[in-house]
Amino acid sequence: MPNSELMPIGVFARRTGLTSSALRFYADSGLLPPAEVDPVTGYRSYDADQLERAIALRRLREIAMPLAAVETVLDAGPDEAARLLDEHVARIEGDAAAARRKAAVIRSALGGSAPGLLIAALKGPVLADAVDQVLTATATAREPGAAVLTGLHIEAGDGAIALTATDRYRLSTRTLVPVRPAERAWAGTVDGDDLRAAAAEVRRSALVRVEAVPYGIRLRMPGREDRHCRVLPGEFPDHRLMLASLDEATTRATIPKDLLLRGLEEHPGERVALHVTARGVNLRSPDDEHPGITLPATVTGEDLRILFGTTTLHPAVSTAIGPDVMLDLRGCDRPVTIRSADRGDLTTLAMPVAPDHSS
């Protein structure tokens, strides 16, 4: 191989984003030996064919992958490498969740037993159910720089506590009447993962005292360890304005919840078209290739065809309480309000996908 095809270590370092010292370390580790070492000067040179391996090595180290695992991934085929990457990320996420739980315990211990500001005292099972129901609206929240879209917004005051979550495609809100109301008005967006981690303990507690403390809330449960949940930075979307700006429903359909969920689960595609008429609600493919299934429903108002992503509509319907779910429809491109037919304290909005004019 002619020397003109080789790169000095400094040039190779700049092209790969690795430092020269890192390259020497990886060479000594056997992960990335140089293509050539000058026997007199000891200068190391690298081949252009090594660039891809070096860049992959750097990226794997940037996600804290151990050296032994890095070597296995670099030498594996695409499918095996992908599996190893997924396992590594799952371990990191598990470690991070465990660290958050331990940090919450330490934070509570450092704060002593002094009470914070009372937000509400609630029955544990009621609070746990409400948290589970409302947080379904954050299932697809992945907007960069918007951590509040993964959390639960809590507003306490006037004898009630409102829980709200949204990923901008769905919005769920539920209002609870506490056993003891807030000492004064309070609002904040609480980390959803922290609340999920505390849910089992909350559900087993007859009464939970929710207190505002610096940088978070504390869940105090008789006979159990306090749980600390972080408050997320950033401004929560103005959901009240969103709800207030909704048009009047032009069509209302009341459908058995179990039948609607089963229909969505058995639907083969990622998108589902709902044909709402006086005869019922028909679920079918957007292209109308398959006739679909018609569900019994009580329908008032105009006939309507509306298109949803199944991963948007199913969680929204599943949160409804009771045997029947009510859909308030405003047109093929307007938010749909989904609620229990016999309960008004849980409301979910689901955005349809863009109107389909192909049929």
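This passage describes the internal cavity and the largest pocket of a predicted model.

The structure contains one cavity of 30 Å³ or more. The largest cavity encloses about 110 Å³ of space. Its lining is made up of 15 residues. Those nearest the centre of the largest cavity are Leu127, Val131, Leu195, Ile217 and Leu219. Both helices and strands contribute to this wall. Two or more lining residues come from each of helix H6 (124-135), strand E5 (152-157), strand E6 (160-166), helix H7 (192-203) and strand E10 (216-220). H7 gives the largest share, with four residues. By class, the lining of the largest cavity has 15 nonpolar residues. Polar and charged residues are absent from this lining.

The largest pocket was examined in the same terms. About 210 Å³ of space lies within the largest pocket. It is lined by 13 residues. Closest to the centre of the pocket are Glu52, Ala56, Leu60, Val73 and Leu74. At least two lining residues are supplied by each of helix H3 (51-62), helix H4 (67-75) and helix H5 (78-110). H3 provides the largest share of the pocket lining, six residues. The class make-up of the pocket lining is nine nonpolar, one polar and three charged residues.

In summary, the lining of the largest cavity holds no charged residues, whereas that of the largest pocket holds three. The largest share of the lining comes from H7 in the cavity and from H3 in the pocket.

Terms used:
Residues are numbered from 1 along each chain as its sequence is written. This is a predicted model: local features need pLDDT of at least 70, side-chain atom pairs count only at pLDDT 80 or more; totals for chains, interfaces and linings use all residues. Side-chain values use heavy atoms; hydrogens and water are left out. On a 1 Å grid over the protein atoms alone, a cavity is a set of points where a 1.4 Å probe fits but cannot get out, and a pocket is an open set with protein on both sides within 12 Å along at least five of seven lines; lining residues have an atom within 4 Å of a point. Grid points are joined across faces, edges and corners, and a volume is the space filled by probe spheres set on the points. Ala, Val, Leu, Ile, Met, Phe, Trp, Tyr, Cys and Pro count as nonpolar, Asp, Glu, Lys and Arg as charged, and the others, Gly among them, as polar.
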